[in-house]
Amino acid sequence: MSPLKSELEFEDLLADIGDYGKYQKRLIWVFLVPSAALLPWFSMNILFMVFTPDHWCNVPELASSNLSIAAQRSITAPEGNSSCFRYDLNYTEVLMNERWHLKNDTPLVPCDRGWKYDDEHFDETAATKWNMVCERGHYSSMVMTLANVGSIIGTPIYGTLSDKIGRKPVFFLVIFVTAMTAISSVLMDNFTAFLVLRTINGSLMPSVFQLPFIILLELVGPTMRTRMNGISNAAWTMGLCLMPLIAYVSREWVTFGLATSSVSVLMFLYWKLLPESPRWLISREKYSEATTVLTRIAETNGRSQDPAELRMKIKKLGERIKKEKETEASNTALDFLRYPNLRKKFIIVSFCWVADMFAYYGLQINVPNLGGNPFVNFFFLAFVEVPGLLCSWYAMERWGRRWSSVAFLTLTGSACVLAAMLEGIPYAAVACSLVGKFGASASFMAVYQQSSELYPTTVRSIGMGMSGTFAGMANIIVPYIIFLAIFGKYIPFLVIGVVCILAGMTAIMLPETLDEILPQTVHDAEVFGKDHKCFSCTGKHSSLESFEQEPSPKLLNDYVS
């Protein structure tokens, strides 16, 4: 038996203290589920805050008259062209002479005295407050785009901090900044200040979602990883389904923004409950702290351990990891580009993240282009994630992560392409959007699980942060892709569909990770899956044996250099 295989793995320590006992279950239901359910409230609330209702030119003479809204609009501008233009008329004279029937060739001028907004769904939104319509109609897209720009800047920063100073302090740091920026942004009267604060807020969102999941992922055994992913995503969906109800009741964007953002403050109640990741503590040679955490877990799970013996095992594992880390030198983001096999997996996973975010985010913010009640449409597009997550959960455990991501990405892409082809057919876009969102949520869960298992522990947060950064870079253009629906409602569907189908094809080249030992070091991640065959069926691979292999001379030379 090789040295690496004969020595202790962190999974062995977890098995001794209970890798899914009372401690983990309590942390799941008290921390993971509530936090994941609240996350969409202060990360996706911007979709309702910048909602643009139906609007038409403000004509003070008509507004002060006794005419109904329908009658006012009929003499403001021709049907189908009333959002940004009005008839160039003397409306005082029109009202005095009761000229209700106007000639079709009556000249038009842009709205020069503001707009009137339909208040069926909202009394006020950020779009109506700052008149984000007509020539400023892309401002709503810009707000969402700048939030994604923020994620590109913030995700690698917080991911690196998480690997350097710990999961727990970084989690509470991002929650603090999230609460401050989210709450203060809705109280701003200055549009520029609002944009800056929403950009800072957007920089935190990927980390806010990733850190609770990573903390739990590193506390459970291999067979429970998919369950952690499923629970986290299911809780997110529950919170997302409740958000349109809050928006419907609030009717005013400031009230809605405060109601959904202030819940982030509740996260600070977890300060004493939440442990630091023992995996991270061991990787940073904090053996005393790791012993304390693992002893507490063992006691809660009814698996009493001798602290001295446990500390000895932890130190032994830590020394092995330290030796391997010395061989690898310092871990940086460049590790994902330096080594061929790890680079290939990183590029494919990141592209799949991009496709998933295109579909998930794009289909959600495309709700106004579907027609009908926006609250109902939003709810169903959120609710359809439930069967998507359940199917993905079952498929990942039954057929593995790889074929699950391939199948669901392809399904999403096909549904979107079909929606583009069936433009104009009643309800076709709604039906295809539901199928696409089903596939997007399912594929996102599978790809997220893959990335967390393919990336090594020493740079896992960095890797997931980098993949999230690439997804955020792609998301910069998603709001503007949806904005292109003004030229043709098929355009957003076609773009999303093609990207998802291409991602599904490349995902075939990723190795399977079902029930495999998590790669601890960059070397583990580099050798993992080298014997992978693209069209192989799910089953036990020789990746465990590949962990036993000594690094090749070339790899050792690369590490040293």
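A residue counts as buried under 20% relative accessible area, as exposed over 50%, and as partly exposed in between. The model described here is predicted. By the definition above, Arg251 is partly exposed, because its relative accessible area is 24%.

**Arg251 and Cys134**

Arg251 sits in the loop that runs between helices H13 and H14. Its phi is positive, about 65°, although the residue is not a glycine. Most residues other than glycine have a negative phi. A second residue with a positive phi is Cys134, where the angle is near 55°. Cys134 is placed in the loop between H8 and H9. With a relative accessible area of 22%, Cys134 is partly exposed.

**Salt bridges**

Side chains of opposite charge can pair when their charged atoms come close. In this structure the count of salt bridges comes to 14. Three of the pairs are set out below.

| Pair | Closest N to O distance |
|---|---|
| Glu11 and Arg279 | 2.9 Å |
| Asp112 and Arg86 | 3.1 Å |
| Arg251 and Asp123 | 3.1 Å |

Arg251, described above for its phi, is paired with Asp123 through their side chains. Arg251 belongs to the loop between helix H13 (225-250) and helix H14 (253-261), and Asp123 to the loop between S4 and helix H8 (126-129), so the salt bridge ties together parts that are 128 residues apart in sequence. Salt bridges that share partners also build one network, which joins Glu61, Arg86, Asp112 and Arg113.

The side chains of Glu11 and Arg279 meet in another salt bridge, at 2.9 Å from N to O. This pair links distant parts of the chain, with Glu11 in helix H2 (residues 10-17) and Arg279 in helix H15 (residues 278-283), 268 residues apart. Are these two partners buried or exposed? Glu11 is buried, because its relative accessible area is 11%. Arg279 is buried as well, with a value of 1%.

Within the network named above, Asp112 forms a salt bridge with Arg86. Asp112 lies in the loop between strand S3 (108-110) and strand S4 (115-117), while Arg86 lies in strand S2 (residues 85-87), so the pair connects parts that are 26 residues apart in sequence. Arg86 counts as buried, because its relative accessibility is 7%.

**Cavities and the largest pocket**

Rolling a probe the size of a water molecule over the atoms shows where empty space is left. Five cavities of 30 Å³ or more are present in the structure. The largest cavity has a volume of about 650 Å³. Its lining is made by 35 residues, and those nearest its centre are Met44, Met205, Pro206, Trp236 and Met357. By class, the lining of the largest cavity holds 21 nonpolar, twelve polar and two charged residues.

The largest pocket has a volume of about 1000 Å³. It is lined by 36 residues, with Thr52, Pro368, Asn369, Phe483 and Ile486 the closest to its centre. Which elements each supply at least two residues of the lining of the largest pocket? They are helix H4 (46-49), helix H9 (139-165), helix H19 (340-365), H20 and helix H25 (478-483). The lining of the largest pocket divides into 20 nonpolar, twelve polar and four charged residues.

**A nonpolar surface patch**

Helix H20 also takes part in a feature of the surface. Val376, Phe379, Phe380, Phe383, Val386 and Leu390 make a nonpolar surface patch of about 510 Å². Two or more residues of the patch come from each of helix H20 (374-383) and helix H21 (385-399). H20 gives the largest share, four residues. Val386 is found in helix H21. Val386 counts as partly exposed, because its relative accessibility is 31%. Patches are made of residues with over 30% relative accessible area, so Val386 can be included.

**Leu195 and Met144**

Leu195 is found in helix H11 (residues 191-202). Leu195 is buried, with a relative accessible area of 13%. The C-alpha atoms of Leu195 and Met144 are 9.4 Å apart in space, and the two residues are 51 residues apart in sequence.

Key
Residues are numbered from 1 along each chain as its sequence is written. This is a predicted model: local features need pLDDT of at least 70, side-chain atom pairs count only at pLDDT 80 or more; totals for chains, interfaces and linings use all residues. Side-chain values use heavy atoms; hydrogens and water are left out. Patches are made of residues with over 30% relative accessible area and no salt bridge: like charges are joined within 9 Å, nonpolar side chains (Val, Leu, Ile, Met, Phe, Trp, Tyr) within 5 Å. Accessible areas come from the Shrake-Rupley method with a 1.4 Å probe; for residues, only the protein chains shown count as cover. A salt bridge is a side-chain nitrogen of Lys or Arg within 4 Å of a carboxyl oxygen of Asp or Glu. Buried means under 20% relative accessible area, exposed over 50%, partly exposed in between (1.4 Å probe, protein chains only). On a 1 Å grid over the protein atoms alone, a cavity is a set of points where a 1.4 Å probe fits but cannot get out, and a pocket is an open set with protein on both sides within 12 Å along at least five of seven lines; lining residues have an atom within 4 Å of a point. Grid points are joined across faces, edges and corners, and a volume is the space filled by probe spheres set on the points. Ala, Val, Leu, Ile, Met, Phe, Trp, Tyr, Cys and Pro count as nonpolar, Asp, Glu, Lys and Arg as charged, and the others, Gly among them, as polar.
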